[in-house]
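Student: I should like a close look at a single part of this structure. Please take me through the aromatic side chains and the way they are arranged.

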Amino acid sequence: MKLYIIPSGWDRELVIKTAFKTGADTICLLSATQKKDHTYSRTDSITQKVTTDIIKELSKFTTVEILEVNYIDMKDIFVKVKNYINKHKDAEIIINISTGSRLLSSTLLLVAYMNNIDVEYSVAENHNPNIMKLIENGEDYHNGFRTILRFPSIPFTFSFSAKEKSLLKRIKQNNTLSVSDFIAGAKGDAENRLRSEFHYLSKKLEKEGFLEVRNRGKIVELHLTPLGEMVFEE
């Protein structure tokens with residue numbers, strides 16, 4: 001089952017067309033929890049109305065589920081989305097971060113990375129000309145200033161062993177690396193050791209999301225994933 005998670009936000013057309021394009025079995029719409037006496041209480045009501053409109057259209061061709069989260073509460077978003085993902089472990093899950101609040105998008109990106117889930121971003125044709133005109137005429141998208149929210153840092157770094165660095169460096173330099181390239185004419189015990197090393201390192205780095213292993217007939221080739229390209233700079 002293909003499960004597609006996307007915030008409803010305020011972009012009806014973008015969400016509907018994205019959902020249709022994915023061909024997902026189930027669309028999980030992240031809508032806003034209605035809050036009382038809050039800065040964004042009115043915007044939450046609008047988001048819920050937009051969600052209703054989107055459901056009406058999407059239900060014509062796929063199953064739609066609703067998950068309500070607090071769009072400006074990182075913990076609430078993280079916990080609810082993580083629990084939802086845990087309930088659908090057997091599904092092929094994709095998360096789209098193009099709609100909703102910036103905080104919602106940021107938190108979804110974090111959840112996706114921590115659970116090795118693919119992330120997508122839908123690009124619209126343009127912005128609403130009425131909103132663009134307001135900004136050009138000196139209006140702001142938001143009004144005034146209320147407060148600053150601070151969120152916890154996450155104490156983790158990407159670290160590689162010397163052998164992993166050497167392997168990744170060779171792939172980055174040549175865009176790909178095969179077993180024959182890796183063993184480079186070694187013979188006997190040296191060849192066997194290098195073959196074992198190649199397969200061990202490739203499986204480990206593939207599992208961690210840094211490498212993609214491709215099979216061309218009997219030839220195995222290694223390529224950096226987008227994550228591998230971003231984090232490996234040597």
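How many aromatic pairs does a search of the whole structure find?

Tutor: The model is a predicted one, and a search of the whole structure finds five aromatic pairs in it. One of them joins Phe160 and Phe232: the ring centres are 6.0 Å apart and the planes stand at 80°, so this pair is edge-to-face, given that angles over 60 degrees fall in that class. Phe160 belongs to the loop between α5 (129-136) and α6 (162-174), while Phe232 sits in the segment after α9 (226-231), so the contact ties together parts that are 72 residues apart in sequence. Both partners can be placed by their accessibility. Phe160 has a relative accessible area of 15% and is buried; Phe232, at 2%, counts as buried as well.

Another pair is formed by Phe182 and Phe198, whose ring centres lie 5.5 Å apart with planes at 55°, so the geometry is tilted. Here Phe182 is part of helix α7 (residues 179-183) and Phe198 part of helix α8 (residues 188-207), so the pair ties together parts that are 16 residues apart in sequence. Phe182 and Phe198 are both buried.

To return to the edge-to-face pair, Phe160 and Phe232 are also members of one aromatic cluster, which they form with Phe158 and Phe210. The edge-to-face contact between Phe160 and Phe232 can therefore be viewed together with that cluster of four named rings.

Technical notes:
Residues numbered from 1 in each chain as written. Predicted model: local features only at pLDDT ≥ 70, side-chain atom pairs only at ≥ 80, totals over all residues. Heavy atoms only, no water. Phe/Tyr/Trp six-rings, centres within 6.5 Å; stacked < 30°, edge-to-face > 60°. Helix = DSSP H or I, 4+ residues; strand = E, 2+ residues; numbered from the N terminus. Buried < 20%, exposed > 50% of the residue type's maximum accessible area, 1.4 Å probe, protein only.
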